[in-house]
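I opened this notebook to record what I looked up on helix packing and on enclosed space. The entries follow in the order in which I made them.

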Amino acid sequence: MQLFHQIQILVAVYWSANLVAYVSASAAVEEQPFAPPSASIQDMRLAQKRCDHPIYCDGPLLKAVQLAGVFDSDKTFVDMPTRKPVDKIVNEFGKLPANASKAQLSKFVEENFYPAGSDIVEVELEDWNEDPPFLQGITDPVLRGYGMSLHNQWKTLGRKRDISFLCSGCESSLLPVKNTFISTGDNSSREFRYWNTYYVELGLLKSGLFKTAKGVLQNLLDAISQYGFVPAGGRIYYTDRTEPPLLALMVKTYFEATNDLAFVAQALPLLKREHAFWDEHRSVNITYTRKSAGSSLDKRDDLEVVTTKTTTYGPNLFSTAIDTSNGGGSSGPYLRPESYSSDYVLAKTAESGPQLFSTALATGALYAASEAGTVPSVQYANRSVATAGPSLFSTALRRRSLDIPSDNPFAAFTKDQLNVLSVANINNTIAVNLNSILYQVEAIIANLTMAVNNNTETKECLGYKKRAESRRQMLMDLAYNPDTGLFADYHLESGKHADVWSINSLWAYWAFGDSIPAGGAGRALENISQLHQRFPGGLPNTLYNTTLSWDYPHIKPPLQHMVIKSADNSEKNLGNGYNSYSEYKGTAAKIAQSTIDTAFCNWYTTGGNIPGVLNSYDYSTSNSSGASLGTFDIDASGNEVTTTDSSSAGGFTWTTGITIWLLDQYKAQNMMPSCPNIKLNLVNKTCKKKGVCNNVRLCRRLKRKGLSHDKRYNKRAVCKR
């Protein structure tokens, strides 16, 4: 029996009385007594034009280089600026043999392109300070030192676009951002990323880097001015897809920290434009029957028919509604340029694998499923609700013949992963996290509209409030289970909740926890607490080892942040009369502490140290500052698994930003971090008398390592070679 199946059985036994979502060890939860109403759909989503750049987005040159495996990472090629005008490069490529070898293609790329990342330069932050505000009130020397190390990471992460060296007609895939942006810290990321920027901003503001934070936000607003939405990242090949719209939350957070009303007034029209994009390209009208407010169960005629708008992840992320004509009549599925060969393998498998993929996936929804793995959504892991026929936009993309090379790297994908993607149903799912975020967007736009109008509730303001309330009610009607107090994604075709529950469904408690019945909030808080007890090292998105990065055994800091916000909101809204749930108060602070612990322990084992306070994990003399990893892992017991490889999961600034935010937000409750099975090498700061150290055991251990212990009287004791 595979490990993750064993874990599912253990967890099912542990939660059988309280958490219906995890009671099955196979692949689906047991049938819940509550059944949501069915909904009919009127789909009017507008098609979205894809990027058609002849090198960085599509075309024979891109296909040849990526499928030949010229680089280990597909992203390398599309991040390389051109040495010659684009049209000249395209023409010269046409002169190569049709079956050009990998060596020929490598030489061609070297002669015609600069190295990846040549178009960005590291810059100093103009508002850098050595005394970050969030450290005020933190007295523990380890927490203070760790916090300062995180703050210092900002100094190395500032980037700006520089294409001054390019010839006339030469191009870069980097979008023309005017202000400093913060790199994710990952070696393969050479641009801003939308989702990541929210968590970066949380940390920048707590660090007092207000000017940098404002510039980061302005870059995203400028992107809306140009594209109508914020691309998923700051490269041209991201300009036909986006990520959940967190920019409104960023502007709200910035306003609360700075009271900069002029910036809000400038940003507000662009936030409305982004909201309109989601309205026009990602939303459908649904009609369903619900009980009238205040009606009793025994009155059948106290029902009302509701028509409202909801939002799905499609047709973004290369789903079936993307226009593939490019104005030139070409058609077919669109492979993501930065992961071209991986998508190619999946596409070919979709067309040739027996019954692995549905008709809808073979015609384009595969790319929605594949891309959905970059945001915390569970739809791709729903194995039992496959799309048996055409999806909502199945005719918008037509199948294209793909010739798979004999050396294509099938080994990069496991059978489990292919099967998971084969039943993805992105276009037809109401995702709780996405619609909860859009509720927040609508509420924020309404409140900011009031703020710039002298706190006057204008007609426009009331319109956004009405949209927010309608969205909240839709989620309560279709996605909320009053028996468990939990939300679940809703499948429009089947009229049922998702079979695989995800902690991302807790986002609703962050968004509008104050309007959810207190009994439900109590049950949700109880479930969150039990999840934390089972997984003290961090809460996974689901229990399914799909091999995708958001799922077990991987832990993502953004999900921990969301759960903390949701638990905190649930605690605040329990009210009186729910003493049976009082034992779960403080859950948010406990998860905050464990999140800090997990981040700290991995920082420590990858070289983190605090001069005069904490020696490095292996007593190394290295000046490494430790890594803020973007992904953590947990073991079968739910505890974090630390690594000594600083590149094992990439460096992600969302971890830096979230941890700084937690250190400030929970400074009154935070304690010195502890690491399972790891002893912190604290510096011995006192001596009994001059020349004699009071830690004889440490001295002996250090001597065996070829180190000596400084025994100066009344000085900090440090290790020396």
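Entry 1. I began with the packing of α10 on α15 in this predicted model. Helix α10 covers residues 261-281 and helix α15 covers residues 459-478. I found that their axes come within 14 Å and cross at roughly 40°. Angles from 35 to 65 degrees fall outside the parallel and perpendicular classes, so I entered α10 and α15 as oblique to each other. The crossing in which α10 passes α15 is left-handed. I then listed the residues in contact: K272, H275 and D279 come from α10, and E460, Y464 and R467 come from α15. By class, I noted four charged residues, one polar and one nonpolar in this contact.

Entry 2. I stayed with α10 and turned to its packing against α8. The axes of α8 and α10 lie 10 Å apart, and the helices pack at an angle of about 45°. The pair α8 and α10 is therefore oblique as well, and I recorded the crossing as left-handed. On the α8 side I found K214, L217, Q218, L221, I224, S225 and Y227. These meet F263, Q266, A267, L270, L271, R273 and E274 of α10. The contact of α8 with α10 divides into eight nonpolar residues, three polar and three charged.

Entry 3. Next I looked up α7 and α20. Their axes come within 7 Å, with a crossing angle of roughly 40°. I therefore classed α7 and α20 as oblique to each other. Helix α7 passes α20 in a left-handed crossing. From α7, the contact takes in W195, N196, Y199, V200, L202, G203 and K206. From α20, I listed T653, W654, G657, I658, I660, W661, D664 and Q665. I counted this contact by class as eight nonpolar, five polar and two charged residues.

Entry 4. I then turned to the cavities, and the count of those of 30 Å³ or more came to six. I examined the second largest, which has a volume of about 60 Å³. Which residues line the second largest cavity? I found F181, I182, F192, R193, N196, T197, V200, V216, N219 and L220. Strand β5 (181-182), helix α7 (194-206) and helix α8 (210-227) each supply at least two residues of this lining. I noted that N196 and V200 line this cavity and also belong to the contact of α7 with α20. The lining comprises six nonpolar residues, three polar and one charged.

Entry 5. My last search concerned the second largest pocket, for which I recorded a volume of about 700 Å³. Its lining has 26 residues, of which Y198, K252, E256, W510 and K565 lie nearest the centre of the pocket. I asked which helix gives the most to the lining of the second largest pocket. Helix α18 does, with six residues. Six helices each supply at least two residues: α7, α9 (247-258), α14 (432-452), α16 (507-512), α18 (557-572) and α20 (653-665). I classed the lining as 13 nonpolar, seven polar and six charged residues. Helix α7 thus recurs in my notes, in the contact with α20, in the lining of the second largest cavity and in the lining of the second largest pocket.

Definitions and conventions. Residues are numbered from 1 along each chain as its sequence is written. This is a predicted model: local features need pLDDT of at least 70, side-chain atom pairs count only at pLDDT 80 or more; totals for chains, interfaces and linings use all residues. Side-chain values use heavy atoms; hydrogens and water are left out. On a 1 Å grid over the protein atoms alone, a cavity is a set of points where a 1.4 Å probe fits but cannot get out, and a pocket is an open set with protein on both sides within 12 Å along at least five of seven lines; lining residues have an atom within 4 Å of a point. Grid points are joined across faces, edges and corners, and a volume is the space filled by probe spheres set on the points. Helices (H or I, at least four residues) and strands (E, at least two) are DSSP runs, numbered from the N terminus. Ala, Val, Leu, Ile, Met, Phe, Trp, Tyr, Cys and Pro count as nonpolar, Asp, Glu, Lys and Arg as charged, and the others, Gly among them, as polar. Axes are lines fitted to C-alpha atoms, for helices over the stretch in contact, and angles run from 0 to 180 degrees between N-to-C directions. Angles under 35 degrees count as roughly parallel, over 145 as roughly antiparallel, 65 to 115 as roughly perpendicular and the rest as oblique. A crossing is left-handed if the near helix is turned anticlockwise from the far one by less than a right angle, and right-handed if clockwise. Contact means heavy atoms within 4.5 Å.
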